[in-house]
Amino acid sequence: MKTAFITGITGQDGSYLAELLLSKGYEVTGVTRRVSTNTLLRIEHILPKLKIVEGDVTDGFNVSKIIDDEEPDEIYNLAAQSHVSTSFKQPSLTWDVTAGGALNILEAIRYSQVKKQMKFYQASSSEMFGKNFQTSKRCLVISVDGEVIVNDPVAENLYEIKKYQDEKTEFMPQSPYAIAKLAAHHLVRNYRDSYGIHGSCGILFNHESERRGEHFVTRKITKWIGEFVRWHQENPTVFENCQLQEYENLDTDYIYTQGKSGPKFPKLRLGNLDAKRDWGHAEDYVNAMWLMVQQDIPDDYVVATGETHSVRDFLDVAFARVGIDDWSNLVVIDPEFYRPAEVDYLLGVPDKAKKELGWEIKVDFTDLANRMVDSDVETQKLQRSSLQTVPNCCAKKG
Ligand code: NAP
Ligand code: G4F
C-alpha cells in the first residue's frame, strides 16, 4: 500500500486531495496545527480513515521527525499562509510558513535514509507571474476557404491579441505571498538539481469550490448570496410583492425594502471588480497534483482552465443563479479590499499538463459558480430549518 503525507490537509485542497488518495487505496497522514478552534471541518467525514499528526511546517525539527517516522512514498506540501491580502499585513509570517515551510520539508527529505524513494509535490501559484504575461496574435479575417486575406500587421483591429501565462512566462510577483511562493518554487528546482530530489511544482491558477475559504472573493460572494436569500425568505410579509432585485438604495451600506425603518441587510462589500482570474474547481486540480507525482521525471506544470473572467463576471453568474439580473444596488465598492499591488490578469495555458499528464478539467466557470451558490443557499436553508425545529428538551409540554 502506498503512503502519502499531506501538509495543509485541513485546507480546501488538502481535503480533496486526501479524499482522492484514500479512493486510490493510499494510507494518508496529515499534519494539523494545535489551535484553539476546530480546523477539522473539511475532513471530518474522512477522519477515521486518516492518520493525523500534530505539527507546523515552520518547525524544522518537527517536520524532520514526522518525515523520518512516516517515511512516506509521496509528500504533498499544501501548507501556506495562502491569502494574498493578508500577506501584505503579515509578510514575515507569510514568508516563514510559505517559503520556510517548503525549505524545512526539502531539508528533511535531503537527509532522509529513503530520499530516493520519496516524491515531493510543491503547491506553486499563478500569483508568481504577477504582472507578467505573454501575447499571441491571431488574424481574425480569413476567407471562406480558410486563407488569410488580410495580413497587415498595422491593422491591429483585424487581429485578436491573446494574453496568457505558461511554463515559459517570466515571473514578476506582486505580493509577499507570491514572492514567498517563488522562493519555494526555486528551492524545489535547486534541490532537484543539487540532490536529485524527485520534486515537482504545480503552478496552479485559482481554483475554488464549495469548501473554499470564506475570505477569497468567490466564496465571499456566494456565502453572502446564501445569507441574503435566507434573509429574503425569513421576511415573507416584507417581501410579499417584491422581486428579489427590487430594493431601495437609501444609503450605501444597507439594503432596505420599506424605507429606513423596515428590515435591512448589509450590502456585499468588495474591492477591485475588474481583476481577471482563471478559475477552476479544486477537485479537478488535486487530480493534477497526483498525476505530476506519478511521473518518472519530476517537472513543473501550469494547471488552469485556459479561460479568464473578471470578478464582475463571477458576480453576474452567481447572482443570476438566484434570479437576480442586476446586482449593482446590492454591492458596495470598499477601498479596504483593494491591495497595495494588484495582479490584474491571469489566464493559464495548460497544454503541457494536458499533453504529458493527460489532465483535463471537468467543471467549467459557470458550473463552478452555480455549484458554490447552490451549496451556500442549501447550507443557509439547513441552518434555518435546524433553528426552526424546536429540540425535544425545549418543546412546551402540553
Ligand atoms: P487553504 O485552504 O488556505 O489551506 C492552507 C492550509 O495550510 C491549511 O490546512 C492550514 O492549516 C495550513 N497551514 C497554514 N499554516 C501552516 C503551518 N504553519 N503549518 C502547517 N500547516 C499550515 O489553501 P488552499 O486553497 O487549500 O491551497 C492549498 C495550497 O495551494 C496553498 O499552499 C496555496 O497557497 C496553494 N495554491 C492555492 C491556489 C488556489 O487557488 N486555491 C492556487 C495556487 C496555489 P489551518 O487549517 O490550521 O489554518
Ligand atoms: O479570491 P482572491 O483573494 O484570490 P487571489 O488573490 O487571486 O489568490 C488566490 O489565488 C492564487 C492563485 O492565483 C493563490 F495562489 C492564492 O493562494 C489564492 O488562493 O482575489 C481574487 C481577485 C483579486 O484581484 C482581488 O483584488 O479578487 C479581487 N477582489 C475584489 N474584491 C477581492 C475582493 N478579493 C478578496 N479576497 N476579497 C474581496 O472583497
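Student: Which residues come nearest to ligand 2?

Tutor: Bear in mind that this is a predicted model. There are 24 residues around ligand 2, and those that come nearest are Ser125, Ser126, Tyr177, Arg339 and Glu342.

Student: What does that shell look like by class?

Tutor: You'll find 9 nonpolar, 8 polar and 7 charged residues around ligand 2.

Student: Okay, and which polar atoms lie close enough to ligand 2 to count as contacts?

Tutor: The idea is to look for N or O pairs within 3.5 Å. Start with Arg339, where a polar side-chain atom sits 2.6 Å from an oxygen atom of ligand 2. Lys220 also uses its side chain, with an N or O atom 2.7 Å from a ligand oxygen. Gly271 brings in the backbone instead: one of its N or O atoms is 2.8 Å from a nitrogen atom of ligand 2.

Student: So how much of ligand 2 does the protein bury?

Tutor: On its own, ligand 2 exposes 710 Å², and the protein buries 95% of that. Helix H6 (217–234) and strand E12 (268–270) are the elements giving two or more residues to the shell.

Student: Let's turn to strand E15. Which way do its residues point?

Tutor: In general, side chains in a regular strand alternate between the two faces of the sheet. Here, in E15 (residues 300–303), Asp300 and Val302 point one way, while Tyr301 and Val303 point the other.

Student: Are those residues buried or exposed?

Tutor: All of them are buried.

Student: How does strand E8 run relative to E15?

Tutor: E8 (residues 198–204) and E15 run parallel, joined by 4 bridges. If you want a spot to look at, Cys201 stands opposite Asp300 in E15.

Note on methods. Residues numbered from 1 in each chain as written. Chains lettered and ligands numbered in written order. Predicted model: local features only at pLDDT ≥ 70, side-chain atom pairs only at ≥ 80, totals over all residues. Heavy atoms only, no water. Near = heavy atom within 4 Å. Polar contact = N/O pair within 3.5 Å; in protein donor to acceptor, adjacent residues only side chain to side chain. Areas by Shrake-Rupley, 256 points an atom, 1.4 Å probe, with all protein chains shown as cover. Nonpolar A, V, L, I, M, F, W, Y, C, P; charged D, E, K, R; others polar. Buried < 20%, exposed > 50% of the residue type's maximum accessible area, 1.4 Å probe, protein only. Pairing = 2+ DSSP bridges.
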